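The following paragraphs lead through the architecture of one protein model. Please keep the sequence and the coordinates at hand while reading.

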Amino acid sequence: MRISRRAVAAAAVLATVLPLSACGGGSDGGSSDASGKVEGKITFQTWNLQANFKDYFNGVIADFEKKYPGTEVKWVDRPGEGYADKISADAAGGTLPDVVNVSPDLVAPLAKAGIALDLDKAASKYRKEYLPGAWRSHQIPGTEGTYAFPWYLNTGPLFYNKSLFKDAGLDPEKPPATYDELFDSGLKLAEKSKGKIATLANVPAIEDFGRYGGRLMNKEGTGFAFNDAKGVELLTHYKELYDAKALDPQALTATPESSGHKFLTGSVAMNPGSALDLDHFKKQAPSLYKNIGITDQISSTGKANMYVMGVMVNAQTKQKPAAVAFAHYVTDATRQVEFAKQVAIFPSTAGSLDDPYFSKEDGTDETRVRVAAAKSLKTAVNYTPVLFSEQMKTELRNQIAKALQGKQSPKEALDNAVKTCDRLLQQS
């Protein structure tokens, strides 16, 4: 599945269903020991991948079984719709497959329930094979361990309209890279266009607070902290943009589709996107396409945001050596690079992004975006806390909307959001 299609309220669903009494389950008393002969039958579950990648996965399984005689891998694929519910039901019923495709928000409640195997104990020898940021993405605040092998990654470069920058007296070859530069450029664009050109079409999300350099959670993982001084500062700047019409007036209710349309029609100067968008611009807006600029995500930390998928090993599996070996095999450098060349994703393995496929342009739109994204992923971070549910995202967005509309101060908005999110966290 594409990385952007994540289960709605997945973490909340799992956390509600899975009792912590599940901790330490399994025939071996919850041992993390994965040593021993790689043999036996295991089941591997993916998330909406069979329709398009049947031959690829059948090939991976055949190669694994050839490498480890005596193993047998059964592959099952579940649809995207209801994936979180299926995992929670299987986990609660003791029927979860041995190896499971997960995202960080899905693995968090499984780890807390003792169902996800701690790879820092069971497979620490493989850690160096992965990008540090990718490996950390399946760690849970307040809990020791890493609970899934990082698999494929994604991120998106930022598109900008060079013509609009030039008209505002800004250097079209030097787009903003930090939030301070973004705010400065945004106010200039709005002033020059008398409020007709906005720089952005979306309100800040939780990852913006991370990229701005603020704290998102306390170290114990028991509460959120995005209402710190940096968080308030960020939202205050967004309020300034909103008042100056440098933030699109419809940003409070914007969707990716509506934001994309604003950028397409030239009323918004910057918007995140992908190679598919470039092809769309070329066909639907030739003048925009001729003036398109591609830059990294805005970040004051020097690190972009990454989206990551993982492969988890069921701590209760009766075939730990085989399950760990297969989870690693699916996510090793050879398999990841091969898979990434079939779909618009990126490998999480160290050194793989230096492959010419990800590092050298050939003059096409596809490689322009691919190379830009791959470069930023080398040091990228998954800023979205694994414990931050869809319900929490909605709460943050609602409070931000009130602040932008002047119904409460940025400080009050973030304090209220943190209070509600902390309560939801405790309830889970």
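How many bridges join strand β5 to β6? The model, which is predicted, has three bridges between β5 (residues 158-161) and β6, and the two strands run antiparallel. Within this pair, Leu158 of β5 has Pro272 in β6 as its bridge partner. Both strands belong to an open sheet of three strands in the order β6-β5-β7, paired in the antiparallel sense. At its edges stand β6 (270-272) and β7 (292-295), each of which pairs on one side only. Direction ignored, neighbouring strands of this sheet are turned by 30° against each other on average. Helix α11, made up of residues 256-264, lies across β5, β6 and β7 and runs at about 140° to β6.

A further sheet is built from six strands. It is open, its order is β2-β1-β3-β8-β4-β9, and its pairing is mixed. Strands β2 (71-78) and β9 (346-347) each have a single partner strand, so one side of each is left without a neighbour in the sheet. Inside the order, β3 (residues 99-102) and β8 (residues 307-313) are paired antiparallel over four bridges. Here Val102 stands opposite Gly310 in β8.

Helix α14 (residues 320-330) packs on this sheet, where it touches β1 (40-47), β2, β3, β4 (149-154) and β8. The direction of α14 makes about 40° with that of β1. How many residues of α14 are buried? The count is eleven of eleven, and the helix is accordingly described as mostly covered. Among these buried residues are Lys320 and His328, together with Phe326, Tyr329 and Val330.

The discussion now turns to pairs of helices. Two packed helices are described by the angle between their axes and the distance between the axes. For α8 (residues 179-192) and α10 (residues 229-243), the axes come within 10 Å and cross at roughly 15°. Because angles under 35 degrees count as roughly parallel, α8 is roughly parallel to α10. The crossing of α8 with α10 is left-handed. On the α8 side, the contact involves Tyr179, Phe183, Gly186 and Leu187, which meet Leu234, His237, Tyr238, Glu240 and Leu241 in α10. By class, the residues of this contact are six nonpolar, two polar and one charged.

A second pair consists of α18 (residues 390-404) and α19 (residues 410-427), whose axes come within 8 Å and cross at roughly 165°. Since an angle over 145 degrees counts as roughly antiparallel, α18 is roughly antiparallel to α19. Their crossing is right-handed. The contact draws on Gln391, Met392, Glu395, Leu396, Gln399 and Ala403 of α18, while the residues from α19 include Pro410, Leu414, Cys421 and Leu425. Ten nonpolar, four polar and one charged residues make up the contact of α18 with α19.

Finally, a single loop residue may be considered. Ser32 is located in the loop between α1 (10-17) and β1. Is Ser32 buried, exposed or partly exposed? Its relative accessibility is 22%, so Ser32 counts as partly exposed. Apart from its neighbours within four places in sequence, Ser32 is in contact with Leu117, Lys121 and Ala122. From Ser32 to Glu366 the separation is 334 residues in sequence and 43 Å in space, C-alpha to C-alpha.

Notes: Residues are numbered from 1 along each chain as its sequence is written. This is a predicted model: local features need pLDDT of at least 70, side-chain atom pairs count only at pLDDT 80 or more; totals for chains, interfaces and linings use all residues. Side-chain values use heavy atoms; hydrogens and water are left out. Axes are lines fitted to C-alpha atoms, for helices over the stretch in contact, and angles run from 0 to 180 degrees between N-to-C directions. Angles under 35 degrees count as roughly parallel, over 145 as roughly antiparallel, 65 to 115 as roughly perpendicular and the rest as oblique. A crossing is left-handed if the near helix is turned anticlockwise from the far one by less than a right angle, and right-handed if clockwise. Contact means heavy atoms within 4.5 Å. Ala, Val, Leu, Ile, Met, Phe, Trp, Tyr, Cys and Pro count as nonpolar, Asp, Glu, Lys and Arg as charged, and the others, Gly among them, as polar. Two strands pair if DSSP finds at least two bridges between them. Buried means under 20% relative accessible area, exposed over 50%, partly exposed in between (1.4 Å probe, protein chains only).
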